[in-house]
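Colleague: I would like to go through the labels attached to this model and ask what each one rests on.

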Amino acid sequence: MSEELICITCPLGCHLSVDRLGDGNLAVTGNRCPRGVKYANEELLSPKRVVSATAAIVAPGSRAGTLIGGPPGGAPAHGLGDVARLPVRSTAAFPKQDVPELLAAIYALRVEPPVKRGDVLIRDFKGSGVDVIATRTL
Amino acid sequence: MKELNYDSVVIGGGAAGMAAALELDAAGFSCAILEREESLGGILTQCIHNGFGLIEFNEELSGPEFAEKIEERLAGTGIKPFTGVTVMEMDASGEHKTLYCYSGTHGVLRVTSRVVVLAMGCRERNRGNIRIPGDRPAGVYTAGLAQRLVNIEGFVPGKDVVIIGSGDIGLIMARRMSWVGCKVHAVVEILPYPSGLTRNIVQCLHDFGIPLYLSHLTTNIIGKDRVEGVEITPIENGAMQHEKAFTIPCDTVLLSVGLVPENELSKMAGVELNAMTNGPAVDSMLMTNVPGVFACGNVLHVHDLVDYVVEEARRAGAHAARWLKGERPKAEARVKAGPNVRYSAPGRVDLGAVNKLYMRTLIVKNDATLEVKVNNRVVKSVKKNHIQPSEMIALELGPKDLETALGAPEPVVEISIT
Ligand SMILES: Cc1cc2nc3c(=O)[nH]c(=O)nc-3n(C[C@H](O)[C@H](O)[C@H](O)COP(=O)(O)OP(=O)(O)OC[C@H]3O[C@@H](n4cnc5c(N)ncnc54)[C@H](O)[C@@H]3O)c2cc1C
């Protein structure tokens with residue numbers, strides 16, 4: 001049975017039909033250009049996503065790690081206006097099935113300002129070669 | 001009352017405001033940015049997902065990164081950014097415009113300038129704008145407000161979510177809410193096609209198995225104190241199928257039903273609005289009907305890409321600087337939105353210059369043709385692989401394209417899509 005996919009490489013959005021062949025390769029139809037084949041292979045054999053989320057900020061100097069914002073649901077921060085969370089992202093696309101694990105690692109972070117955009121918060125997560133960086137200077 | 005005077009003042013310190021200010025400064029004019037929030041960057045600071053900056057920086061950035069990279073360009077310039085300053089009133093009747101502002105630290109400020117650039121961004125349409133019947137319980141948010149609560153304030157507004165409208169902000173929030181542990185039960189769209197990008201449909205809905213109900217109307221929001229569910233009614237052949245209506249239980253509803261330019265100040269200053277963009281009507285210099293008042297970014301028309309916002313704002317800033325030096329367009333033609341074109345911004349072109357136009361179509365189509373006519377004669381035809389209402393179309397028209405308009409009594413440039 002074919003699997004149906006929409007190619008998102010460009011705005012055309014070709015509807016792809018993909019059959020898994022006996023040799024492990026994929027037969028792709030419905031694509032208007034070769035990028036459709038590449039997309040189907042990536043998406044079905046090793047799908048990846050860039051992950052963006054936020055990390056908790058702890059009050060500067062607090063050894064106990066007092067949460068300013070706390071986990072989602074916490075109160076707004078003090079000293080940083082309403083800013084209670086530090087935005088972060090993965091530096092590259094990351095295997096889709098492991099995204100929940102990466103998110104859990106991000107939510108476990110307690111970041112103490114000052115922090116600069118681009119600061120590495122998690123290096124080479126589980127040997128994936130993907131880092132998690134701060135995307136805002138606080 | 002504190003008094004300040006500059007050659008130019010930009011209202012709003014988002015991507016548009018900063019980009020416009022940089023041009024005015026580069027041309028040698030003093031410039032202040034007045035921003036209501038405590039930091040610059042505007043809406044970008046809450047858009048933590050990736051996908052910004054491919055055109056401007058040639059890399060995929062998140063919103064906060066894009067904003068900071070633009071903000072860094074202010075360093076070393078003469079631009080004076082004021083944050084925590086809200087412009088309350090604008091009097092643009094004389095040669096010197098006067099802005100009355102309020103600030104927690106400075107109190108009331110009176111700022112005068114020869115040029116004002118409007119860059120106040122847009123606001124979200126809310127429940128009142130789309131008239132969903134039903135109770136008025138807590139738990140109904142606009143998607144952008146929820147985005148701010150979750151991404152900046154660290155407050156997750158519910159657990160079981162239904163999103164009304166398939167705009168990109170709603171789709172992005174479907175993924176975000178899923179990633180913070182909520183269950184998103186559905187996205188409900190009245191139109192037969194989604195209004196957001198396919199990329200977002202795939203990565204924000206399909207990835208999480210979130211159903212998208214197209215051609216479905218939200219007919220009731222149920223709940224006494226807190227939302228308990230939404231009633232959804234299918235539309236078939238233009239008619240509501242009441243007997244097929246069903247209810248999805250949820251405690252939170254997010255509305256992603258469109259954006260409208262922020263017009264309060266513009267109206268106060270006598271700026272004429274364009275009925276199609278809902279923002280100010282502007283000429284080829286991006287100047288409104290009020291001399292010396294310019295507009296750019298989401299306050300002018302709602303953009304989907306911040307890269308385009310910055311490009312447009314740069315033009316507005318450069319035009320404002322030229323205007324301060326006394327330059328004016330030699331001859332203009334009116335731009336008319338022809339078949340399948342919703343609007344073009346700006347609504348006038350300079351016959352002696354290269355004009356950049358942004359427009360939106362009314363249709364979804366592959367292999368479309370965009371045609372430009374001057375006084376009913378085709379002067380330019382451009383092939384488009386794919387067009388859809390949610391993706392802005394850019395077009396350049398230069399003096400060569402427009403030469404037949406020169407000397408015509410009331411030249412009209414009509415743009416159509418087939
Ligand atoms: C909720 C939301 C989510 C979005 N998500 C995306 C996305 O994912 N990707 C994308 O490319 N684009 C996105 N956009 C589009 C985005 O708005 C543009 O890309 C761009 O950032 C808009 O820039 P701007 O400067 O025109 O407006 P804004 O960034 O909105 O800036 C306007 C600024 O003006 C200030 N202001 C308003 N009124 C006053 C006043 N009276 N006095 C002083 N200051 C004032 C505001 O505080 C604000 O900082 C989103 C838009 C919204 C509304």
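Modeller: Start with exposure: a residue is buried under 20% relative accessible area, exposed over 50%, and partly exposed in between (1.4 Å probe, protein chains only). B:E236 has a relative accessible area of 34%, so B:E236 is partly exposed. This is a predicted model, in which local features need pLDDT of at least 70 and side-chain atom pairs count only at pLDDT 80 or more, while totals for chains, interfaces and linings use all residues. Residues are numbered from 1 along each chain as its sequence is written, chains are lettered from A and ligands numbered from 1 in the order in which they are written, and side-chain values use heavy atoms, with hydrogens and water left out.

Colleague: What makes B:K244 and B:E236 a salt bridge?

Modeller: A salt bridge needs a side-chain nitrogen of Lys or Arg within 4 Å of a carboxyl oxygen of Asp or Glu. The closest N and O atoms of B:K244 and B:E236 are 2.8 Å apart, so the pair qualifies. B:K244, at 40%, is partly exposed.

Colleague: Why is B:E68 called buried, and A:R117 partly exposed?

Modeller: B:E68 has a relative accessible area of 12%, which falls under the 20% limit, so B:E68 is buried. A:R117 has 22%, which lies between the two limits, so A:R117 is partly exposed. Their side chains meet in a salt bridge at 3.0 Å, N to O. This pair crosses between chains, from helix α2 (residues 63–72) of chain B to the loop between β8 (110–111) and β9 (120–122) of chain A. Helices (H or I, at least four residues) and strands (E, at least two) are DSSP runs, numbered from the N terminus.

Colleague: What does the salt bridge of B:E332 and B:R348 tie together?

Modeller: B:E332 lies in strand β21 (residues 332–337) and B:R348 in strand β23 (residues 348–350) of chain B, so the pair ties together parts that are 16 residues apart in sequence. The N to O distance is 2.8 Å. B:R348 is partly exposed, with 32% relative accessibility. Elsewhere, salt bridges that share partners join A:E43, A:R49, A:K96 and B:D207 into one network.

Colleague: What makes a set of residues a nonpolar core?

Modeller: The members are buried Ala, Val, Leu, Ile, Met, Phe, Trp, Tyr and Cys residues joined through side-chain atoms within 4.5 Å. The largest such core has 67 residues, and B:M90 is among those with the most contacts inside it. Helix α8 (residues 306–324) of chain B gives the most to this core, with nine residues. Apart from it lies another core of 23 residues, including A:V51 and A:V83.
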